[in-house]
Amino acid sequence: MTVLEVENIYKSFGRIDVLKDVSFSLEEGQVLSIIGSSGSGKTTLLRCLNFLEHPDKGVIRVNGETLFDADDASTQKESHIRSKRLHFGLVFQSFNLFPQYTALQNVMLAKELLAKERPDYKAKKKEIYEEIKAQAEELLRQMGLENRMNNYPHQLSGGQCQRVAIARALALEPDILCFDEPTSALDPELTGEVLRVIKELADKKTTMIIVTHEMSFAKEVSNQVIFMDDGRILEQGDPIEVFEHPKEERTRHFIGSIKSN
Amino acid sequence: MDLILEQFPIVVRALNVGFMQTLKLFFATLIGAVPLGLIITFGSMSRFKPLSYFTKIIVWIVRGTPLMIQLLIFYYFPGLVLGTPIWGSGEAGRFLAAAVAFIFNYACYFSEIYRGGIQSVPVGQEEAGLVLGMTKSQIFFKVKLLQMIKRIIPPMSNEIITLVKDTSLARIIALQEIIWAGQAFLKGSQGIAGAIWPLFFTGVYYLIFSGILTVLLGRLERKLDYFR
Amino acid sequence: MKKFIALLLSVLMVLSLVACGTKDTSGDADKTPKTDMEYVKDKGTLIVGITDFAPMDYKDDKGEWIGFDADMAKAFAESLGVEVEFVEIDWDNKVMELDGKTIDCVWNGMTLTDEVKAAMETSNAYCKNAQVVVVNKAVADKYQTVESLKDLTFAVEAGSAGEKEVTKLKLENTPVKAQSDALMEVKSKTSDAAVIDLLMAGAMIGEGTGYADLTYTVSLNSEEYGVGFRKDSDLAAALNKFFKDSYADGSMMKCAKQYGVQESIIEQ
């Protein structure tokens with residue numbers, strides 16, 4: 001079943017066209033990796049999916065529902081964007097954990113705030129809290145952080161922070177989990193633990209979009225790869241195909257330059 | 001020395017009365033200016049340009065002119081120009097006018113500190129909140145506010161200590177705070193005339209009070225040391 | 001929504017400014033101007049601007065304002081049928097206090113100078129005073145004439161009659177905030193001499209005061225005290241009449257004796 005359909009997305013900042021006619025789709029339980037040099041529009045694409053940016057043109061559909069259509073103003077109401085965002089989770093390059101909360105509180109906060117909007121919240125306050133807490137603890141355990149739940153972000157390593165951030169995004173059970181260069185801000189010896197966690201999520205059939213520079217990881221974990229260049233999708237398809245037999249000269253050049261690094 | 005010992009109880013009683021006015025003005029200013037400052041901050045950071053420019057001009061005027069002049073204008077302007085004094089008579093009216101002028105002045109200073117505090121919270125914090133489906137106000141109160149408070153405590157402490165001493169400016173509109181009370185013994189009051197020491201002795205009150213505040217604010221600062 | 005609030009706020013701010021402006025003009029235009037007497041009677045209180053200045057205005061043990069001026073002011077208010085309210089003011093701001101209507105009169109041993117007469121509606125003089133030179137007792141013998149003063153540096157209250165006198169004599173002087181500050185200058189030897197009111201000098205310096213080592217020598221001028229009202233106020237004439245009546249029936253002198261200023265009272 002197709003979870004995500006992106007059609008003809010355009011986005012420009014002032015005179016700079018950052019995304020030009022980007023279209024792709026994603027099946028449930030699949031992993032899509034987006035590669036490309038910096039400035040090719042990968043991050044902007046993720047930000048559009050999470051409604052941190054508004055595309056100038058194009059359509060975004062999730063599970064058949066049109067979340068965004070540049071030609072239909074009714075899909076762009078500020079008040080609806082919040083609930084639409086919940087279809088997506090986003091893990092940032094720089095974690096963006098909330099420093100004043102513990103790992104556990106970071107994972108629980110958004111869900112607690114959402115629970116307050118439930119009509120039965122007042123009556124079942126305690127049960128709801130316990131439920132959210134149990135779920136958050138389970139997520140952190142999955143991330144291998146059972147001993148770090150009550151630590152504050154500044155007491156954690158970069159890799160641990162990123163794993164908390166992943167748990168935080170998962171807590172809201174998004175349809176699609178997005179990663180924006182999740183290991184770029186980490187020391188090389190810490191990237192492995194984060195990639196391992198993402199791999200485990202892939203094995204559990206979590207639908208994911210990963211913007212990354214880790215070519216071998218992308219090749220190993222993804223079902224589909226997109227190579228972006230100058231705001232366009234230059235090549236997309238099966239990872240083996242894109243990495244081993246790139247059709248385009250620029251793709252070949254890019255993959256070659258990464259490998260030689 | 002004997003003379004001073006004789007005068008001491010009378011002077012201390014008068015200084016205590018004056019210091020109560022000082023404290024009242026101090027706390028009234030703090031209670032009014034802390035929230036008003038936040039409103040001014042939102043005004044100056046508004047994306048609606050006319051409001052933002054208007055607020056910035058007000059802040060510029062208030063920060064660019066001496067508080068003493070503002071006190072004179074606030075207190076005398078209504079009667080001088082509009083023909084009716086609005087502050088009410090006696091000490092209470094003077095206190096009200098002084099409090100309003102102080103609140104307005106300090107709110108403008110606070111607003112600039114708040115603005116610095118808000119802008120120093122990384123954009124990523126807001127974006128993280130947004131993608132987690134939080135509303136703007138949830139992000140402000142649950143995520144950014146505490147980080148902002150942590151960052152503004154040192155500059156706010158400075159302003160608050162300055163405020164303790166600035167309250168003495170209110171004597172320009174004849175608010176009888178502690179300096180006024182001390183000076184009264186120079187001219188002669190309650191049978192004591194030409195006594196200089198009460199005026200200098202007011203410094204002890206300021207020292208003790210600002211000392212207490214320094215300790216309390218330092219404690220608050222340490223309380224927020226648990227995160228970075 | 002946010003934009004709407006922003007717009008609302010700015011409209012409110014502009015409106016409040018406009019409101020301030022219009023209130024101003026309408027106030028002038030459609031009301032027939034009240035006389036000052038009517039204004040005071042309407043609100044029912046006469047607000048008297050004073051400073052703590054024995055023996056004219058000062059507090060008794062119970063914190064009540066008494067003194068020759070205070071008692072006369074009480075009697076005057078009674079004759080008008082209004083309450084009296086004493087308010088301590090900053091002497092520098094007395095004209096602003098009057099014009100801003102935060103007080104109704106200045107009744108505090110005020111010397112009738114040309115400046116005072118120009119800025120206020122003043123009553124007839126009711127009390128005599130002089131400006132005297134204050135120096136250290138140790139050197140007092142050397143400064144008994146006006147000619148002997150020329151090498152001294154003076155501290156004088158800014159805007160006071162004393163300042164006018166030393167300026168007229170071309171003596172080197174520093175204006176300070178109050179007469180008491182001028183005395184402190186002499187005591188701390190930052191100035192050689194001060195010029196203050198005779199009535200005040202009598203109360204504040206010499207044995208038993210904080211200025212035991214100071215004394216006063218030359219009188220630079222003689223001057224008179226009066227009461228100040230807002231410019232063109234009809235209260236000044238009313239007070240003149242009140243002074244005349246109370247001088248005639250002896251109540252003014254009785255009050256003066258109580259505070260030891262009977263020698264200085266001017267016949268009304």
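How much accessible surface does chain B have, and what share of it belongs to carbon and sulfur atoms? In this predicted model, the accessible surface of chain B comes to about 10400 Å², and 71% of that area belongs to carbon and sulfur atoms. The secondary structure of chain B consists of eight helices and zero strands, so that the order of elements from the N terminus reads α-α-α-α-α-α-α-α. The C-alpha trace of chain B extends over about 75 × 50 × 25 Å along its principal axes. Of the 228 residues in chain B, 54% are buried. When contacts between residues at least 6 apart in the sequence of chain B are considered, 76% connect residues at least 24 apart. Chain B carries 20 positive and 11 negative side chains, with 8 Å between the centres of the two sets.

Chain A contains nine helices and 10 strands. Its radius of gyration is 19 Å, close to the 18 Å given by the globule rule for 261 residues, and chain A is therefore as compact as a globular protein of that length. Along the principal axes, the C-alpha trace of chain A measures about 60 × 45 × 35 Å. Buried residues account for 54% of the 261 residues of chain A. In chain A, 65% of the contacts between residues at least 6 apart in sequence join residues at least 24 apart. About 12000 Å² of chain A is exposed, with carbon and sulfur atoms supplying 45% of this area. The charges of chain A comprise 33 positive and 41 negative ones, and their mean positions are 5 Å apart.

Within chain A, Gly89(A) belongs to strand S6, which covers residues 88-91. Gly89(A) counts as buried because its relative accessibility is 4%, below the 20% cut-off. Apart from neighbours within four places in sequence, the residues in contact with Gly89(A) are Asn50(A), Pro174(A), Ile176(A), Leu177(A) and Cys178(A). Gly89(A) is also separated from Ile209(A) by 120 residues in sequence, while the C-alpha atoms of the two residues are 9.9 Å apart in space.

Chain C is divided into two parts: domain 1 comprises 39-128 + 224-264, and domain 2 comprises 131-221. The contact between them involves 14 residues from domain 1 of chain C and 10 residues from domain 2 of chain C. Taken over C-alpha atoms, the centres of domain 1 of chain C and domain 2 of chain C are separated by 26 Å.

Gln179(C) lies in helix H7 of chain C, which spans residues 179-187. With a relative accessible area of 10%, Gln179(C) is buried. Outside the neighbours within four places in sequence, Gln179(C) is in contact with Glu157(C), Ile196(C), Asp197(C) and Met200(C).

As to the arrangement of the chains, two pairs touch, and the pair with the most contacts is that of chains B and C. Chain A and chain C are joined by no contact, and their closest C-alpha atoms are 10 Å apart.

Technical notes. Residues numbered from 1 in each chain as written. Chains lettered and ligands numbered in written order. Predicted model: local features only at pLDDT ≥ 70, side-chain atom pairs only at ≥ 80, totals over all residues. Heavy atoms only, no water. Helix = DSSP H or I, 4+ residues; strand = E, 2+ residues; numbered from the N terminus. Rg over C-alpha atoms; globule rule 2.2 N^0.38 Å. Buried < 20%, exposed > 50% of the residue type's maximum accessible area, 1.4 Å probe, protein only. Contact = heavy atoms within 4.5 Å. Areas by Shrake-Rupley, 256 points an atom, 1.4 Å probe, with all protein chains shown as cover. Lys, Arg positive; Asp, Glu negative; His and termini not counted. Charge placed at Lys NZ, Arg CZ, Asp CG, Glu CD. Domains from an automatic or database assignment.
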